[in-house]
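Biologist: I should like to request a close look at a single part of this protein, namely its interior. Please describe that part in connected steps that a first-year student can follow.

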Amino acid sequence: MYYFLEYLAGLPLLARCGEPSQDYRVEPSLFQAWDNWNGEMMAVWEPETCRLEELAQECLGDDEIDRVFEAVSASVGDRLWQSWCAFVQRMSLEEESGLEREWMDFVKRDLSWACVEHLMGLDGFFTAVLRVYEQGRLPCAWEGAYPEGRFVVL
């Protein structure tokens, strides 16, 4: 897990949020991303999370999963908040406040599940999500019938 935490330290968290993309659908509004795409996000993230959690409980156990979530949260917490504030300012989204904690939890959850996949040697859904974070984006939903389609990002 140490290697993965070191890797996370180098991620350009949220550095390209709001920039146009040919690979992803870019949602420029925090509120619209939350309100308009939450159903699509849940339709993909929830079954993938449940599938991985069940497998991880068998392979790693609940205590190790909890340890991963705590370590990832501690590892990215301060930097994530700084990156969030820079993104909001860069995109002039100061009026769209109130969901910061939910967004932060969303990112930490994704990165934690990606770490779990890493520990289990899997290249699954959350590894794909991690690739979006590697590009400085914040994946917030899925457009199209999964696995066809593409990520919606901020």
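Modeller: In what follows, a helix is a DSSP run of H or I with at least four residues, a strand is a run of E with at least two, and both are numbered from the N terminus. The model is a predicted one.

Let us begin with a loop residue, L99, which is found between α3 (62–90) and α4. Is L99 buried or exposed? Its relative accessibility is 19%, and buried means under 20%, so L99 counts as buried. Leaving aside residues up to four places away in sequence, L99 touches F31 and W34. By contrast with these contacts, the C-alpha atoms of L99 and F125 are separated by 25 Å, the two residues being 26 apart along the chain.

One of the contacts of L99, W34, leads to the empty space inside the protein, for W34 is among the residues that line the largest cavity. Rolling a probe the size of a water molecule over the atoms shows where empty space is left. Over the whole structure, the search finds one cavity of 30 Å³ or more, and the volume of the largest cavity is about 40 Å³. Its lining consists of A33, W34, W37, N38, M41, W103, F106 and C140. Two elements, α2 (30–59) and α4 (100–120), each give two or more residues to this lining. The most comes from α2, which supplies five residues. In terms of class, seven lining residues are nonpolar and one is polar, while none is charged.

From the cavity we may follow α2 to the sheet. Helix α2 lies across β1, β2 and β3, and runs at about 70 degrees to β2. Another helix, α5 (residues 125–134), lies across β2 and β3, with an angle of about 50 degrees to β3.

The sheet itself is open and has three strands in the order β1-β3-β2, with mixed pairing. Because β1 (25–26) and β2 (139–143) stand at the edges and have a single partner strand each, one side of each is left without a neighbour in the sheet. Strands of a sheet pair through backbone hydrogen bonds, either parallel or antiparallel. Here β2 and β3 (residues 150–153) run antiparallel and are joined by four bridges. Within this arrangement, W142 stands opposite F151 in β3.

In summary, the path has led from L99, a buried residue, through W34, which L99 touches, to the cavity that W34 helps to line, and then along α2 to the strands it lies across.

Notes
Residues numbered from 1 in each chain as written. Predicted model: local features only at pLDDT ≥ 70, side-chain atom pairs only at ≥ 80, totals over all residues. Heavy atoms only, no water. 1 Å grid on protein atoms, 1.4 Å probe; cavity = no way out; pocket = protein on both sides within 12 Å on 5 of 7 lines; lining within 4 Å. Points joined across faces, edges and corners; volume = space filled by probe spheres on them. Nonpolar A, V, L, I, M, F, W, Y, C, P; charged D, E, K, R; others polar. Pairing = 2+ DSSP bridges. Contact = heavy atoms within 4.5 Å. Axes fitted to C-alpha atoms, helices over the stretch in contact; angles between N-to-C directions. Buried < 20%, exposed > 50% of the residue type's maximum accessible area, 1.4 Å probe, protein only.
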